[in-house]
Amino acid sequence: MKDTRRTRVVLGALIVTALAMITVDYRGGEHSPLRGLRDVGAAVFGPVERASASVVRPVGDTFDAITDAPGERHRADRLERENQRLREQLRAGRLDQDRSAQLQRLLGTAGAGGYRIRAAQVISAGQGFEDTVTIDVGTRNGIRTDMTVMSAQGLVGRVTRVGPATATVLLATDQTSSIGSRLEDSKEIGIVQGRGRRGLGNGATPLRFQLLDAAAPMRVGQRVVTLGSQGERPYVPGVPIGVVERIDNSSGGLTRTAYVRPFVRFTSLDVVGVVVAPPRHDPRDAVLPPKPAPPPTPTPAPTGKPSPGASPSGDPAKARPRGTKSPHPRPTSED
Amino acid sequence: MLNVPEKSQTGRRVMTVLVVAVALILQVSVANRLPTPGGVQPDLVLLAVVALALVSGSMTGMVTGFLAGLAADIVPPADHTLGRYALVYCLIGYLCGIASAEMDRQSVVPFFAVAAGALAGAVLYAATGMILGDPRAEWGTVSRMVPLQVVYDVVASPFVVWAVLRVTRRFERGDRARGDRFSVPAARYRAMSGRSGSL
């Protein structure tokens with residue numbers, strides 16, 4: 001097709017429309033008049049994504065089972081088909097088992113902190129520069145914006161937009177995400193910011209932790225939990241975030257920067273939980289997994305009920321144990 | 001496309017919409033969740049738009065691109081300023097449509113065109129982000145991501161292009177002589193663009 005005048009007119013019209021939409025949406029910010037369009041998107045594409053996720057999941061997992069069955073005809077045919085079916089059943093069973101194990105762990109973690117959660121499954125992920133996922137629960141399940149999302153391992157992110165049956169989660173690794181957080185045992189507070197997972201190498205750490213007090217002690221291997229926002233939204237307190245892996249010593253600024261390896265593996269998110277009711281007491285460090293102890297003396301506080309003495313939840317004023325070098329100067333280890 | 005019968009026109013539209021919808025759903029629920037090295041995934045929607053534009057010209061290309069981009073802007077996990085993909089895909093669709101008319105039809109040229117389209121799309125999208133001051137699209141991230149993105153797009157492009165050609169051809173089989181099932185893409189492009197009766 002030639003580049004006719006009509007083509008140019010249409011091109012101009014479409015570009016102007018796109019630019020107008022960008023302008024309106026950008027200027028409008030959170031209250032953009034184009035929100036309605038997004039709601040339409042959620043209502044239309046949400047169910048489709050749910051359906052496709054339920055199709056894609058077993059198919060992807062049984063795909064190799066189908067392909068590795070060799071084509072021996074005749075006699076073997078019937079047996080093979082049966083074999084195939086059994087194998088798929090087995091796979092499906094293992095899938096269910098896997099999912100139920102994940103749910104179990106999630107419930108265990110949520111129980112340790114006293115969070116009330118709504119379990120959900122990740123059904124799709126964002127493209128481009130954003131680190132977002134869609135989960136298969138929405139307003140019908142009592143999900144609202146600014147709820148914390150966690151998995152069995154730790155913090156996943158927060159809910160930013162809710163459709164009828166789906167919700168969008170901004171992951172902690174997104175570059176627009178920043179989370180008030182706190183070092184374990186010392187009560188030094190700081191901010192965890194996402195660095196974006198995309199384009200980073202495999203060994204890179206997608207989170208940056210800024211310790212607000214530049215003089216406060218911080219060491220590699222120390223773990224970071226959420227501090228809890230005002231009114232417990234968007235972040236509830238005590239959710240494990242990750243381990244300090246590298247400390248940037250060069251800066252002489254007002255804050256100190258460390259790089260944090262998250263507990264959650266963001267590339268393989270599956271079963272997550274949305275915290276629908278915050279805990280009654282700040283669980284402090286109770287949700288953290290037991291410290292990996294190299295000598296075979298199982299010491300530290302087991303992840304039982306909240307606040308087993310890790311912190312008397314009464315004196316946040318004495319929040320600065322200046323010299324308390326805690327006795328675990330070990331590099332990071334697990335997984 | 002000027003002398004294609006009317007019935008075929010609507011069918012072609014339906015097919016285009018289907019291709020884009022399938023690409024979009026595959027993008028968000030499959031491709032974006034693949035744990036690829038580098039954490040960057042191929043942009044199937046962009047590739048589908050490029051392929052459709054190469055097949056059916058600039059008008060279809062830009063309208064398809066605009067609509068596909070708008071859909072990509074509002075599909076649930078999207079969290080950027082609305083209209084960015086619409087703008088980028090519209091431009092890419094237009095340019096690839098123009099290119100399809102001008103293209104010297106060697107069998108590898110379409111694949112270069114797709115690669116060029118992917119590069120332009122990734123750069124343009126990043127540019128809109130930088131213009132809008134999107135904190136995600138700061139220079140460090142963009143310079144890391146765009147090359148990887150282009151590599152993945154180029155790797156994925158033969159599959160997408162092949163699939164799009166396959167679908168369009170299946171649709172067209174009724175009113176064209178069948179036979180050349182495994183013809184080179186170039187001949188396909190020529191046949192699809194409807195300007196020549198050489199097949």
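# Two strand barrels in chain A and a helical chain B

In this predicted model, strand E6 (residues 178-183) of chain A pairs with E9(A) in the antiparallel sense over three bridges. Within this pair, Ser181(A) stands opposite Thr226(A) in E9(A).

## The barrel that contains E6(A)

E6(A) and E9(A) belong to a barrel of six strands, which closes in the order E6-E7-E8-E11-E10-E9 (chain A) with antiparallel pairing. On average, and with direction ignored, neighbouring strands of this sheet are turned by 40 degrees against each other.

Strand E9 (residues 223-226) of chain A is also joined to strand E10 (residues 240-248) of chain A; the two run antiparallel and share three bridges. Here Arg223(A) has Val243(A) in E10(A) as its bridge partner. E10(A) in turn pairs with strand E11 (residues 256-262) of chain A, again in the antiparallel sense, over six bridges. In that pairing, Ile247(A) stands opposite Ala258(A) in E11(A).

## The barrel that contains E2(A)

Chain A holds a further closed barrel of six strands, running E1-E2-E5-E4-E3-E12 with antiparallel pairing. The twist from one strand to the next averages 45 degrees.

Strand E1 (residues 116-125) of chain A and E2(A) pair in the antiparallel sense over three bridges, and Val122(A) has Ile135(A) in E2(A) as its bridge partner. The two strands form a hairpin with six residues between them, and Gly128(A) in the turn has a positive phi of about 70 degrees. On to the next strand of the barrel, E2(A) pairs with strand E5 (residues 167-171) of chain A in the antiparallel sense over four bridges. Thr134(A) has Thr168(A) in E5(A) as its bridge partner.

In a regular strand the side chains alternate between the two faces of the sheet. For strand E2 (residues 132-135) of chain A, both faces are covered: Thr132(A) and Thr134(A) on one side are buried, as are Val133(A) and Ile135(A) on the other.

Elsewhere in this barrel, strand E3 (residues 148-150) of chain A runs antiparallel to strand E4 (residues 155-162) of chain A, and three bridges join them. Val149(A) has Gly157(A) in E4(A) as its bridge partner.

The table lists one residue pair for each strand pairing described above.

| Strand pair | Residue | Partner |
|---|---|---|
| E6(A) and E9(A) | Ser181(A) | Thr226(A) |
| E9(A) and E10(A) | Arg223(A) | Val243(A) |
| E10(A) and E11(A) | Ile247(A) | Ala258(A) |
| E1(A) and E2(A) | Val122(A) | Ile135(A) |
| E2(A) and E5(A) | Thr134(A) | Thr168(A) |
| E3(A) and E4(A) | Val149(A) | Gly157(A) |

## Chain B

Chain B has six helices and zero strands. Of its 199 residues, 53% count as buried. Among the contacts in chain B with a separation of 6 or more, 72% are between residues 24 or more positions apart.

The unreviewed UniProt entry places the feature "transmembrane region" at residues 12-32, 44-70, 82-101, 108-128 and 148-168 of chain B. In the model, residues 82-101 of chain B are 90% helix and 0% strand, with end C-alpha atoms 31 Å apart. Residues 148-168 of chain B are 100% helix and 0% strand, and their end C-alpha atoms lie 30 Å apart.

Two packed helices are described by the angle between their axes and the distance between the axes. Helix H2 (residues 44-74) of chain B and helix H4 (residues 109-131) of chain B have axes that come within 10 Å and cross at roughly 135 degrees. H2(B) is therefore oblique to H4(B). The crossing of H2(B) past H4(B) is right-handed. H2(B) contributes Leu46(B), Leu47(B), Val50(B), Ala51(B) and Leu54(B) to the contact, while H4(B) contributes Pro110(B), Ala113(B), Val114(B), Gly117(B), Ala118(B) and Gly121(B).

Tyr85(B) lies in helix H3 of chain B. Tyr85(B) counts as buried because it has 32 C-beta neighbours inside 10 Å, where 20 or more are required. Apart from its neighbours within four places in sequence, Tyr85(B) is in contact with Gly69(B), Ala72(B), Asp73(B) and Tyr125(B). The C-alpha atoms of Tyr85(B) and Val155(B), 70 residues apart along the chain, are separated by 21 Å.

## Where the chains meet

Between the two chains, 49 residues of chain B are in contact with 53 residues of chain A. The elements giving two or more residues to this side of chain B are helix H1 (6-29), H2, helix H3 (84-102), H4 and helix H5 (139-172) of chain B. H3(B) provides the largest share of the side that touches chain A, with eight residues.

Methods:
Residues are numbered from 1 along each chain as its sequence is written. Chains are lettered from A and ligands numbered from 1 in the order in which they are written. This is a predicted model: local features need pLDDT of at least 70, side-chain atom pairs count only at pLDDT 80 or more; totals for chains, interfaces and linings use all residues. UniProt positions are given in the numbering used here, feature names are shortened, and annotations may be inferred rather than shown by experiment. A residue is buried if 20 or more other C-beta atoms lie within 10 Å of its own, exposed if 12 or fewer, and partly exposed in between; C-beta atoms are placed from the backbone. Two residues are in contact if their C-beta atoms, placed from the backbone, lie within 7 Å. Two strands pair if DSSP finds at least two bridges between them. Axes are lines fitted to C-alpha atoms, for helices over the stretch in contact, and angles run from 0 to 180 degrees between N-to-C directions. Angles under 35 degrees count as roughly parallel, over 145 as roughly antiparallel, 65 to 115 as roughly perpendicular and the rest as oblique. A crossing is left-handed if the near helix is turned anticlockwise from the far one by less than a right angle, and right-handed if clockwise.
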